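Me: Hey, I've got a structure open and I'd like to talk it through. Can you help me get my bearings?

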Amino acid sequence: MSTIALNSLTFYYDSPVEKLFNKVTLNIDTDWKLGLVGKNGRGKTTLLKLLLGKLHPVEGSLSLNVKPSYFPYTPDDTSETVFNIIKDAIAPFRKWEERMDILSTRDDDNSQSEYGDLLTQYSDAGGYEIDSLIEKETAAIGLDESFLKRKFVTLSGGEQTRALLAAMFLKNNGYPLIDEPTNHLDIEGRRMLADYLNKKDGYLVVSHDRNFLDKCTDHILSINRSDVTLSNGNYSTWKYNTDLKEGFELRKNENLKREIKTLEESARVKRAWSSNKEKEKKGAYDKGFVGHRAAKMMKRALSIENRVNADLAEKKNLLKNYEKKRHLKLESTDTSGQILSVYNIGKSFDGKKLLDNVSFTLYKGDRVAISGANGTGKTTLLKILSGELQPDEGSCHIPKQLSLEFANQVPLWRTGYLRDYLMENKIDETIFRNILGSLGSCGEIFERPLETFSMGELKKVELTRSFLYPVDLLIWDEPLNYVDIAGRERIEEVIMKNSPTMIFVEHDTYFIDKIATSVVKLG
């Protein structure tokens, strides 16, 4: 059994000073199917960089006796075949083979010595079996033999993801660090990848897809507000236990607050009584008796204050990781009845029919999920609904007086400073801050250029734009890509509470099951 050991590991960035990890001590079994979760900006990417050796602890240590490799990565030459891309990603087999072919024609001692060294490396890396292993592994992840002969660049994003992950699991003594692998996968692609990973042992995966984590993890590493915790079980087990502990601590916190208030009032009364009795000693017949009573009451008051201080100390140890939520309210319009109707829409590109006879009707309060495999025209349909594209066939009717708001798959604002966009679009900064804060992004975010934002932060900015004003219809194109689980939960809460009318494309089945009132399946 191999382990990754973190011993009192502390790490922070100098500019600005941001302490992400403080004296973290953990032992991770590299045979676990480990899920890594945490809010955007909490340090998930930083932890991966520490494991890869791209960053080093400021204090403490990190030791590992496996070879970590990172996904996603871009091959050096994407015009190569998938087979060659995978083979080169595992080890430089083809370079070794070419060099050994050259050396085998030479008779000098140096050449023969070099040939022997290369042959040993080649054999130790599994060079004699690697071709058949590649065929077997890619079949296991859902790529048939024909894919291996294709140029890597011709594969879809999901197919590329599966090919590169197969290579990672073929490395000797490798430890895959898999960072958000589901972002370019449709629902079926996510299911296939989860099934593949569940048959493997020994990896760390970062994902915000809760169903995906449930299917392919047996431990959860959580980066919290004040610490890092390691739990046995999948995401749902971790979430249940976390909520249970948080609920217990909230109740205990409320009880302690009430007890402290009662004790403080009792101590105040006894102190006041003791003080008054001390004053009575001046004219008292038995000053010793009065003084004794006063001292006794003062002692009781001090005892109560000690209990208060003990309760306060206990209270401080509660809710260290509790995330205080800002509640978001969506203002709705007075519109009622039918919002839009879609009748037999068809759309073709370059002679290929993408949409064919798509029909549905949307009423006030409906939340329609557009589902389908990658390439079935989901984004195209949303663009037709928003008026950006016109259908080749059929019709889409939205009354002119209705207001729409579109949240893009690729965030609209990606460069410059957020405050400049707000001024340019005459958006109230306080309102924007409050909405963005309710999604879990606040603090110095307005002082940084958008280029430094994580993809999760950019997506939250994009979603905030759609929440600014009352609208009749929200149209969202994959709104949750890169958004952390806490952000997803808050979005779900506000939707369920305010019941906006929506059409959205999303591959997170947990979100669809919770939010959608109906599903339109394409393809």
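Me: How many aromatic pairs does a search of the whole structure find?

Reply: It finds 13 aromatic pairs. Keep in mind that this is a predicted model. To take one pair, the ring centres of Phe 11 and Tyr 13 are 4.9 Å apart, and their planes are at 90°.

Me: Why is the pair of Phe 11 and Tyr 13 called edge-to-face?

Reply: Because the planes are at 90°, and anything over 60 degrees counts as edge-to-face.

Me: And is Phe 11 buried or exposed?

Reply: Phe 11 is buried, because its relative accessible area is 5% and the cut-off for buried is under 20%. Its partner Tyr 13 has 29%, so Tyr 13 counts as partly exposed.

Me: OK, what about Tyr 122 and Tyr 128, what kind of pair do they form?

Reply: Tyr 122 and Tyr 128 are edge-to-face, with 5.4 Å from centre to centre and 85° between the planes. Tyr 122 is buried at 8% relative accessibility, while Tyr 128 is exposed at 57%.

Me: Which residues do ring pairs link into a cluster?

Reply: The cluster is made of Phe 93, Trp 96, Tyr 122 and Tyr 128.

Me: Switching to charges: which ring does the charged end of Arg 433 sit over?

Reply: It sits over the ring of Phe 446, 4.1 Å from the ring centre. There's also Arg 465, whose charged end sits over the ring of Trp 413 at 5.5 Å from the centre.

Me: Where's Arg 465 in the chain, and is it buried or exposed?

Reply: Arg 465 is in helix α15, and it's buried. Other buried residues of α15 include Gly 456, Leu 458, Val 461 and Phe 467.

Me: How many of the 13 residues of α15 are buried?

Reply: Twelve of them, so α15 is largely enclosed by the rest of the structure.

Me: What do those buried residues pack against?

Reply: They pack against the strands β14 (404-407) and β15 (473-477), plus the helices α13 (418-424), α14 (429-438) and α16 (485-498).

Me: What span should α15 have, going by its 13 residues?

Reply: At 1.5 Å a residue, α15 (residues 455-467) should span 18 Å. Its end C-alpha atoms are 19 Å apart, which agrees.

Me: You mentioned α14. Which of its residues are buried?

Reply: Phe 432, Ile 435, Leu 436, Gly 437 and Ser 438. The buried residues of α14 pack against α13, α15 and α16.

Me: What happens at the start of α14?

Reply: A side-chain oxygen of Asp 428 reaches to within 2.8 Å of the backbone nitrogen of Thr 430. Just after α14, Gly 440 takes a positive phi of about 100°.

Me: New topic: how many disulfides does the structure hold?

Reply: Zero. As for individual cysteines, Cys 216 is buried at 0% relative accessibility, and Cys 396 is partly exposed at 26%.

Me: Zooming out, how many helices and strands does the chain have?

Reply: There are 17 helices and 17 strands. Buried residues make up 46% of the 523 residues in the chain.

Me: And what share of contacts join residues at least 24 apart?

Reply: It's 70%, counted among contacts between residues at least 6 apart in sequence.

Definitions and conventions:
Residues numbered from 1 in each chain as written. Predicted model: local features only at pLDDT ≥ 70, side-chain atom pairs only at ≥ 80, totals over all residues. Heavy atoms only, no water. Disulfide = S-S within 2.5 Å. Buried < 20%, exposed > 50% of the residue type's maximum accessible area, 1.4 Å probe, protein only. Phe/Tyr/Trp six-rings, centres within 6.5 Å; stacked < 30°, edge-to-face > 60°. Lys NZ or Arg CZ within 6 Å of the ring centre and 35° of its normal. Helix = DSSP H or I, 4+ residues; strand = E, 2+ residues; numbered from the N terminus. Expected span 1.5 Å × (residues − 1). Contact = heavy atoms within 4.5 Å. Polar contact = N/O pair within 3.5 Å; in protein donor to acceptor, adjacent residues only side chain to side chain.
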